[in-house]
Amino acid sequence: MKYNDGLWHLKAGVKPAFGLTVTDVKTHDSGIDLEVATRPIRHRGDTLGGPLLFVNLSSPSEGIIGLKVKHFGLTYFLLLNYLSINALITSIIKGLAPQKHDFELFPDVPPTPANLQTWTNPTSTTIISGPLSAVVSTVPGQYGIDFVPTSDPKHVLTFAGPKSQAVVDLPSKWATMSASNTGLLATDVSANPSGVSWPAFLRYILIELNLAGAELIYGAGEGFGSVIKNGQTISMWNCDGGTSSEQKYKSVPFYLSSRGYGVFINHPGEVELEVGSEKMSRVGISVVGEELEIFVIYGPNPKEVLGRYTRLTGRPGLPPLWTFGLWLSTSFLTNYDEKTVTGFLEGMRERKCDVRVMHFDCFWMKQYEWCNFTFDPDMFPNPAEYLRSIKEKFGVKVCLWINSYISQGSSLFKEGLEGGYFIKRTNGNVWQWDWWQPGLAVVDFTNPAACKWYGDKLRALLDLGVDCFKTDFGERIPHIEVQYFDGSDPYKMHNYYTQMYNKLVFNVLQERFGEHEAVLFARSATAGGQRFPVHWGGDCESTWEAMSEALRGNLSLTLSGFGFTSHDIGGFEDMRWCAYGAFSSHTRLHGSSSYRVPWNYDTENDASASKALAKFIDAKHRLSQYIYAAAIEAHETGVPVQRHTMLEFPTDRNTYHLDQQFMLGPSLLVAPVFTTDDRATQYYVPSGKWTSFWDPSKLAEGPAWIEEKVAYDDLPVLVKDNSILLVGKSGLGRPDWDYNDGLEARVYELSDGASVEAVVPGGKGTQKAAKLRAERKEGRVNVKVVEGSLRGWSATLFAQGSGSHLSTVTAGED
């Protein structure tokens, strides 16, 4: 939210009360409480009246300091145009207190003891949480907070200086263009017949943090524009807007700084960020209401920031190994039946483009009846037998498209209506809308009975042989003049709804298949959504520009705590997107009105599309042990599989701006190509020796920009020096193969005196079958199993950069 008219003036009618002077300090075992006056205190008369800011500093875990700014002490607030008195009365009648549904903190791993310390002197009060400290200025009129490394207190990471915390009364006219007030849910007469009722003012809490001159900001959830967020106004408000717009499906109120810290805004509703966009040297954080809490999270390197952040909000879930194979979709608007799907699978097998997951998109159900969770009997007369047959014949898993909207044409609509399972308007009627499905209603997941009802429908599909679900939508959730079963604030539930939706479906799968065996293909998310993978980038066009959008969205998401990403592979015409997709965390072919099978793009005399796809998918299968080891790392540490180059090279400022290439795991640099094969593409290699994955005779030395022409059936994939790359033999046909059958440990450009290790996953959950170590001393390289057991493996040394020859040694038993 912008409050100013330039540097010198406020917008007309804006009434801020900035924190100026600390009038009281209380230190205790859990932190510091401050009372901060918003006017100069010259004498006792100035203490009459307010506003007064009540500020708390705490530490939930080592290296994390919380800052909470509160005005009035309400546990919840009623925003007049969102939650009506009727909704409050309804919740009281039910005996329920209005629920906040705040983010769940430390859901997977416990906090690290902060060993909190506080101390006070005449001019400041300090709170210390391990490597991070916050120093509060108590000098009259100079209230502010510096966040500093404990070991180097003169190095200020960021600060909230004078007049950086405030309660602001904003004339409603200045809020009319916020994302929550401009979307169809607010402006469409069917979604919101009464329109938006505006009070004279809206109350905001504002916290501003300093943005240093060379500082860069990343994350803030999925975003399809620049990966660097400086200069952007960002609204945390989930929307269904496609990848070619400024909207986002996944709003995550967390950002990562190039200065070695991150900020998590602990608020599930609409958070508005001004990242050097109102004040060039500030990140402004605003929410409607009476309080705002943020957590400053220290690194000092970005991987450590993500580690602490995902400890706080949840580690990325670990998908099963089979999910890293090829997913093939029926596509969206296409006609398909049993014969069509079988033909796809036969054609893909014939062309060695082996499918691991067969996805049935929306029209597995009859039109106008989404969702009824029933196979269209005209197309699939015996779904249980058909699913059994394709799983047996082709070795595929089965994924079904679902969402949480129930059409009035669905046989389930009456059940939901009678059971009270839908979100209601404040007059007691079910909220309905004609967008997407006629007269659709939205399942109310705050109602335990609705959760059981919805979950039982999914369990029945699992009984038929379904293995996973594509949890589509979850963004178009009404927030004006509606009420939830438990009295939740609809404004906060708009983003948080997807968390409840995905968690329910994920838990149904985990209940059936076990830990680390559940997977979604989800579109919407918020903070903590990383616990329920996998997430894909939403609806995109089939263009190079859209591929670039998808990549930027993936990178932003994985810099926001998500371990796994995917996207709809947009076409075969030049194979560029297929190449990028194969080297993404998860790989899915999906279209809108056309089938995404390669032979539709082959010619009578040229099967280049099929051959190229087979090449890329075979490479991903061969690399699945390496990729799954990175997946385990993501689950255990929060460092994503598909990662921004900066995460691996945080001291190389050349990597900070890279948004058309990425690292897949710690050792592979992947540079998607966005041009024709007769024009050169460019990509950057950081310091070191980089060997082509496809052709070991090609070696690049960095730091350097590489310019080359890339054939349509090729993709720059380079291996970092001092790496062990686990590679399987060609023709495996699936990602979940026996690691004791021909595993090759490739050792790349090992420096003298270096020792590197690689984990061989066991294939089930976090099991680690073995650990390999490669050491080089005085020119001699030794590769051995140092933990666990491994059979039938070999080691290959790539050392062209130092003049030695390629050599392969079969190691046999460990």
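Q: Hi! How many bridges join strand E13 to strand E14?
A: Seven bridges join E13 (residues 165-171) to E14 (residues 201-210), and the two strands run antiparallel. Two strands pair if DSSP finds at least two bridges between them. Strands (E, at least two residues) and helices (H or I, at least four) are DSSP runs, numbered from the N terminus. Pro171 stands opposite Phe201 in E14.

Q: What should I know about the model and the numbering?
A: This is a predicted model, with residues numbered from 1 along each chain as its sequence is written. Local features need pLDDT of at least 70 and side-chain atom pairs count only at pLDDT 80 or more, while totals for chains, interfaces and linings use all residues; side-chain values use heavy atoms, with hydrogens and water left out.

Q: Thanks. Which order do the strands take in the six-stranded open sheet?
A: The order is E3-E13-E14-E20-E19-E16, with antiparallel pairing. Strand E3 (15-18) and E16 are the edge strands, each pairing on one side only. The twist averages 20 degrees from one strand to the next, using axes that are lines fitted to C-alpha atoms (for helices over the stretch in contact) and angles that run from 0 to 180 degrees between N-to-C directions.

Q: And what's the order in the open sheet of five strands?
A: That order is E8-E9-E10-E11-E12, again with antiparallel pairing. Its edges are strand E8 (117-121) and strand E12 (158-160), each pairing on one side only. Neighbouring strands here are turned by 15 degrees against each other on average, direction ignored. Inside this sheet, E10 (residues 132-137) and E11 (residues 144-149) pair antiparallel over six bridges, and Ser133 stands opposite Val148 in E11.

Q: Which strands form a hairpin with two residues between them?
A: E43 and E44 form that hairpin, and Glu778 in the turn has a positive phi of about 50 degrees. E43 (residues 768-777) and E44 (residues 780-788) pair in the antiparallel sense over eight bridges. The bridge partner of Lys771 in E44 is Glu787.

Q: Switching to charges: how many salt bridges does a search of the whole structure find?
A: The search finds 46. A salt bridge is a side-chain nitrogen of Lys or Arg within 4 Å of a carboxyl oxygen of Asp or Glu.

Q: Which residues are linked in a network of them?
A: Asp240, Asp472, Glu475, Arg476, Arg523 and Asp539 are linked that way. Within the network, the side chains of Arg476 and Asp240 meet in a salt bridge of 3.1 Å, N to O. This pair links distant parts of the chain, 236 residues apart: Arg476 is in the loop between strand E28 (468-471) and strand E29 (482-483), and Asp240 is in the loop between strand E16 (232-236) and strand E17 (254-257).

Q: What about Arg459, which residue does that one bridge to?
A: Arg459 forms a salt bridge with Asp456, the closest N and O atoms being 2.8 Å apart. The two are three residues apart in helix H8 (residues 448-464), so they are separated by about one helical turn. Arg459 is partly exposed at 22% relative accessibility, and Asp456 is partly exposed at 31%. The cut-offs are under 20% relative accessible area for buried, over 50% for exposed and partly exposed in between (1.4 Å probe, protein chains only).

Q: While we're on H8, which of its residues are buried?
A: Ala450, Cys451, Trp453, Tyr454, Gly455, Leu458, Leu461 and Leu462 are. What covers them includes strand E24 (397-402), strand E25 (405-406), helix H7 (413-419), E28 and helix H9 (490-513).

Q: What happens at the two ends of H8?
A: Asn447 caps the N-terminal end, with a side-chain oxygen 3.0 Å from the backbone nitrogen of Ala449. Just after H8, Gly465 takes a positive phi of about 120 degrees.

Q: Last one: is Lys470 in E28 buried or exposed?
A: Lys470 counts as buried, at 2% relative accessibility. Its side chain and that of Asp361 are joined by a polar contact of 3.0 Å. A polar contact is a pair of N or O atoms within 3.5 Å; within protein, one must be able to donate a hydrogen and the other to accept it, and residues adjacent in sequence count only if both atoms are side-chain atoms.

Q: What else does Lys470 touch?
A: Not counting residues up to four places away in sequence, Lys470 touches residues including His359, Cys399, Trp401, Phe521, Trp536, Arg588 and His590. Contact means heavy atoms within 4.5 Å.
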